[in-house]
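Work through the exercises below with the sequence and the coordinates open. Each task is followed by a solution in steps.

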Amino acid sequence: MNQGNHVLDRARVALGDDFLRAAVRFTADRLRTKKYTATESLGRWEEWRSRGQQIRAHTVAHLDYYLGQFADNVTRAGGNVQFAADASEASQMVLDIIRAKQARSVVKSKSMVSEEIGINHVLEAADVEVVETDLGEYIVQLAKETPSHIIIPAIHKNRQQIKDLFTEAGGENLTTDTKTLAGFARRTMRKKFLEADVGITGCNFGIAESGSVVLFTNEGNADMVTNLPQTHIVLMGMERLLPTFADLEVMANLLPRSATGQNITTYMSVLTGPRREGDHDGAREMHIIVLDNGRSNQLADAKMKEVLNCIRCGACLNVCPVYRQIGGHAYGSVYPGPIGAVLSPVLNQGEQYADLPYASSLCGACSEACPVKIPIHDMLVYLRQRNVERGWVKPAERAAFKGFAFAFAKVGRYKLAMRTARIGQGPLVRDGHIEAKIGPLRGWTEGRNAPALAQQSFREMWGLLEQELKTTSRESGRTGK
Amino acid sequence: MNKEAFLNRIATQIGRPRPLTKAPSRDVVGIPDFWREFNLSSDERIVHFEERFTGLGGEVRVVDDIAQLRTALAGIMADRKPERIGMWNDAELEQWVGNSLEGQTVLKWGVDPRDQFSSINIGITGCSAAVADTGTLVLACGGGRGRSVHLLPSIHIAMVGASQIVTRLGEALERVAKPTEMDSYVHFVTGPSRSSDIENDQTTGIHGPAAVIAIVMRQA
Ligand code: SF4
C-alpha cells in the first residue's frame, strides 16, 4: 500500500473526502451506540472486562505451554500445524500447500493475518484466483483497495460505487437496492464456493485443550469456506489462543458486544480437525499456519506485551476521534486505528510505520473502550519515546512534525501555508480531482484519484476534531462507570 | 521454522530457559461467579429463547407435543412450497417429523447424493442444545448430521426439545465441547445470515439461510 509518505499527508487527503468522513463517523457512532446498549443490558461490564483481561494475560504469559498443547491437539484431531517466523515464510507455506493440491482457485473469509502477510498478491502472482467472500471484503477486493475498518471493511464505499463494481464483475441489470446487490453477491459467491479447491480463513480463537479453531462471522461465509472446498488453511497469529472452552464463553460475550454491539455473533463455528471417517462434508485436510512475525519480540517488553492480548474487536477504532475523522486508509497499514497505531510499528521492524503513534490525540478513549483493558494510549506514548531513543526522526518526518506543531501554533503561518498549497494544486485539479502523479500526494494518486483539498481546510476540520475530542471524552466519562 | 525452535523462542522471550510442559496453575478460569449463578427456570428458558431468537430475525413456534409439531411443520411446508427438502439422517428427528413431509421431495444426508443438496430450499435438522440467554441453536455435525443441511438452503428449520434449552452459552459448550470426544464441527447459530456491509443497511441471507425457524416442543 502506498498512499502518501506520511500519515499526515494521508490524513489530509482523507479529510477532503466528505463521503468517507460521514460514513466513517456514522458507522463508528452506530457501532458505539450499539455497544453501549449491549454492554448495559449484560450488566457488570467492568467485571467482564477484568475477566477478559485476566484470561488474555494468563494465556499470553504462558503462550509456550498453550501453543504446544494446541498444536498437539490439532495433530491428534487429524490436522496439520506449521510454524512461520515471518510473513514470507507463512506465504511460502500457503503456496506449498496450494501447489501440492494443484489448486487453481481459493475462497477466503475475512482474516487480518492474511492481509498482514499479503497472501492475495502472492497467490495472484502464482496464477491462483483468490475470492474474498465477506461481503465488505469482496467489495474492497473488486475496488482493488484495502479494508478501512477491521469489522466493516467497505465502510468507505457507497451503494452507487458498489453497484458499479458489481456490474463490472458481471452483474446484469443491478440497481442500488441493498437486496439486489446482496443477491448478486450471494449467487456469485455460491458458485465460487462450490468450485474452489482451497478455503483460507483466519482464526478468532484457538482452543488449547482441544485443538479447535473458533471462527466468528455474521454472514456465514466462513462456514462455506471451511466446509465446501477439500482443503482448509487457517492463518493464525501465535497469540490467538484460549486455554479452555470455559474461557471461550467469556470471549463470546465480550467480542461481539465490543465489535458490533451484538450479544452474540450470528455464527460461531468450532472446527476440530478435518472431516472424520463417516462424515460426508467438510474439508478433508486442515492446515494451520501459526505466525510470529514480530509478535514474540513484544513478550520480553513489559510495556508492550499486552498488545498481544488484543482480540481484534475494533472497539478502539469506533471511539477514536482521529480515526473517526480520517478513516482507516490514512493509517497506511493493514491494522488501522489506535490498535493499528500500536501493532503496525511492532509487527514491522524498522521505521516504516514509526509515524503512526503520532496519529493520536492521546485522549484515552481507546483504552477505556477496550474489552480486555489494553492501555493503548500508554503504549502510544511509549512508542513515541522509543522512536526518539532509536533516533528515528527522519528529516521528512521531523519537518512534518515541526511543521505540524509550528503551523498549529502560529495560525497566521498556517493560513499562509494552506493558501499556498491550495494555489499550488490549482493546475492539477480536473473536475475537483487531483490527477497529477507529481508532488507530495504522489503515492496516493498513483493508486487512485485523490479528492482535491476541500474548500473546508484541514485546520477547519481540525477544529471539528477537537470538538469531537471533547464530546468523546465526556461521553466516555459517562459510559466508563 | 520448526515447532521446537518456535516455542523455544517464545519461552526465551517470556524469560524461561525452555517451554513449559506442565499446565500452569490459574487463579481464574472462564466466566465471573455472578454469571455462573444466572439460572432460568425451564419455562423462563423457553420464553427467553423465543424472545432473543425472534429479536434477531429468527422465527419460533412453540408446540406442546409431537402431534402439534407435525402440524406446525406441515403448515410451514404448505406456506413455503419447497421444491426440495434436505434433512439429517437421524433416527430421533425422523421419529419427530413422522408423516408431516408426505408428498414432498426429501433428501436424506449421507443417503442421497451430496451434490443434490446444493439445490435444496429447506433444510431440516435437530439440535444438540439451544441457549436461552442468546437465542442460539447449537448444531454438532458429523455422520448423518451433515453441515450442508443447514448451511446451503435459504430456509433452515430446527427441532428443539424444551429440555435441550440451557440458560447460558457455557452450559451448551459443556454439553458439546468435550475436548477429546467432540464432533469435528460444532455450529452455534443465532438467527439468519446477516450483513451490514452495504452502507450499514442490514440484509439477511447473504451466505447462509435468510430464514431460520425453530420449532420448540415442550414435551421433550
Ligand atoms: S485493542 Fe482492545 S479495543 Fe482495540 S481491537 Fe484490540 S481488543 Fe479491541
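**Exercise 1. Positive phi**

Task: Determine whether A:Asp127 is buried or exposed, and find where A:Asp127 is located.

Solution. Step 1: A:Asp127 has a relative accessibility of 64%, so the residue counts as exposed; the classes are buried under 20% relative accessible area, exposed over 50%, and partly exposed in between, with a 1.4 Å probe and protein chains only. Step 2: A:Asp127 belongs to the loop between helix H7 (119-125) and strand S3 (129-132) of chain A. Helices (H or I, at least four residues) and strands (E, at least two) are DSSP runs, numbered from the N terminus. Step 3: the phi of A:Asp127 is near 70 degrees, a positive value in a residue other than glycine. Most residues other than glycine have a negative phi.

The model is predicted: local features need pLDDT of at least 70, side-chain atom pairs count only at pLDDT 80 or more, and totals for chains, interfaces and linings use all residues. Residues are numbered from 1 along each chain as its sequence is written, chains are lettered from A and ligands numbered from 1 in the order in which they are written, and side-chain values use heavy atoms, with hydrogens and water left out.

Task: Do the corresponding analysis for B:Lys81.

Solution. Step 1: B:Lys81 has a phi near 45 degrees, again positive in a residue other than glycine. Step 2: in chain B, the loop between helix H4 (66-80) and strand S2 (85-87) holds B:Lys81. Step 3: the relative accessible area of B:Lys81 is 64%, so B:Lys81 is exposed.

**Exercise 2. The ligand site**

Task: How many residues surround the ligand, and which are the closest?

Solution. Step 1: the ligand is surrounded by 13 residues, where a residue is near a molecule if one of its heavy atoms lies within 4 Å of it. Step 2: the closest are A:Cys310, A:Cys313, A:Gly314, A:Cys316 and A:Cys370. Step 3: sorted by class, the shell has 11 nonpolar, 1 polar and 1 charged residues. In this scheme Ala, Val, Leu, Ile, Met, Phe, Trp, Tyr, Cys and Pro are nonpolar, Asp, Glu, Lys and Arg are charged, and the others, Gly among them, are polar.

**Exercise 3. Two asparagines of chain A**

Task: Place A:Asn318 and A:Asn309, and list what each touches.

Solution. Step 1: A:Asn318 is part of helix H14 (residues 315-319) of chain A, and A:Asn318 is buried at 2% relative accessibility. Step 2: not counting residues up to four places away in sequence, A:Asn318 touches A:Ala28, A:Leu31, A:Arg32, A:His149, A:Ala259 and A:Arg324; contact means heavy atoms within 4.5 Å. Step 3: A:Asn309 is in the loop between helix H13 (295-299) and H14 of chain A, and is buried with a relative accessible area of 2%. Step 4: with residues up to four places away in sequence left out, A:Asn309 touches A:Arg56, A:Ala57, A:Val60, A:Val372 and A:Ile374.

**Exercise 4. Helix H7 of chain B and B:Gly30**

Task: Which residues of helix H7 (residues 169-176) of chain B are buried, and what do they pack against?

Solution. Step 1: the buried residues of H7(B) are B:Leu169, B:Gly170, B:Ala172, B:Leu173 and B:Val176. Step 2: they lie on the same side of H7(B), because they cover an arc of only 160 degrees around the axis; the arc is that of the directions from the helix axis to the C-beta atoms. Step 3: in chain A, they pack against helix H12 (245-260) and strand S9 (267-271). Their partners in chain B are strand S5 (129-131), strand S6 (136-141), strand S8 (165-166) and strand S9 (185-189).

Task: Locate B:Gly30 and give its contacts.

Solution. Step 1: B:Gly30 lies in the loop between helix H1 (3-14) and helix H2 (33-36) of chain B. Step 2: with a relative accessible area of 0%, B:Gly30 is buried. Step 3: the C-alpha atoms of B:Gly30 and B:Gly170 are separated by 8.9 Å, and the two residues are 140 apart along the chain. Step 4: beyond its neighbours within four places in sequence, B:Gly30 is in contact with A:Arg51, A:Ile55, A:Ala246, A:Asp247 and A:Val250.
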